[in-house]
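Please work through the following exercises with the sequence and the coordinates at hand, and compare each step with the solution given.

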Amino acid sequence: MSKLWPYVTPGIPDDLFERLPGIPLSKREVRLLLVSLMRLQPDSIVWDIGAGTGTIPVETGLLCPHGRIIAIERDEDVANLIRLNCERFEVKNVDVIEGSAPDCLHSISYLPHRVCLEGGRPLKAILHEVWKYLQPQGRIVATASNLESLYAISEGFSELQVRNVEVVQSAINRLEKRGNHQTFEAVNPMFILSGEKID
């Protein structure tokens, strides 16, 4: 339990996280979709590839108190940001790996039950490599914000024979204050693809 977020539900407001300019953050509403599609259990081992600000490691770390979260990020400053956000929310079960996927994956000692793929290049090569480590009955959730990523993930899912595939596109508007007015602002649409490894 975190003093900053003393609830059992996910959906931490974006402004509670420390940020760095130019570093992506999974918006709260998109994060809720991602987390629900992972179908977490209290002891899940989760790999988050392209962990960015660390929103998914924090949320999943709180939701899986007996699990282990592996946040993979290639940039040292961004990796330190993830560590800072874990400290802010008192999350103790996150390991931050500084390295580039897929090259660094072989050195991780915990095999995942769940994988969240939020970025990286080459995307399809990372997907193929991650699949080798994903445990049977495991789930993979991947995001695509552009057509190229959507195509790469879709093609990769097909080649790997991912089962029970679901595809969701978020279309979210938030009420924002602009001067004296409140207006609805669109959150960038995101495709979220998920599926299972049966054996």
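**Exercise 1.** Leaving aside its neighbours within four places in sequence, which residues is Ser170 in contact with?

Solution. This is a predicted model, in which local features need pLDDT of at least 70 and side-chain atom pairs count only at pLDDT 80 or more, while totals for chains, interfaces and linings use all residues. Residues are numbered from 1 along each chain as its sequence is written, and side-chain values use heavy atoms, with hydrogens and water left out. Begin by locating Ser170, which lies in the loop between β6 (163–169) and β7 (172–178), strands being DSSP runs of E with at least two residues. Next, apply the contact criterion (heavy atoms within 4.5 Å): beyond the excluded neighbours, Ser170 touches Val30, Leu33, Asn188, Pro189 and Met190. Finally, the relative accessible area of Ser170 is 3%, and the residue is therefore buried (under 20% relative accessible area, with a 1.4 Å probe and protein chains only).

**Exercise 2.** Explain why Cys64 and Cys116 form no disulfide with each other.

Solution. A disulfide is a covalent bond between the sulfur atoms of two cysteines, and the criterion applied here is a pair of cysteine sulfur atoms within 2.5 Å. For Cys64, the closest cysteine sulfur is that of Cys116, and because the separation is 12 Å, it is too far for a bond. Taken from the other side, the sulfur closest to that of Cys116 belongs to Cys64, again at 12 Å. A search of the whole structure accordingly returns 0 disulfides. As for accessibility, Cys64 is buried at 0%, and Cys116 is buried at 0%.

Conventions: Helices (H or I, at least four residues) and strands (E, at least two) are DSSP runs, numbered from the N terminus. Buried means under 20% relative accessible area, exposed over 50%, partly exposed in between (1.4 Å probe, protein chains only).
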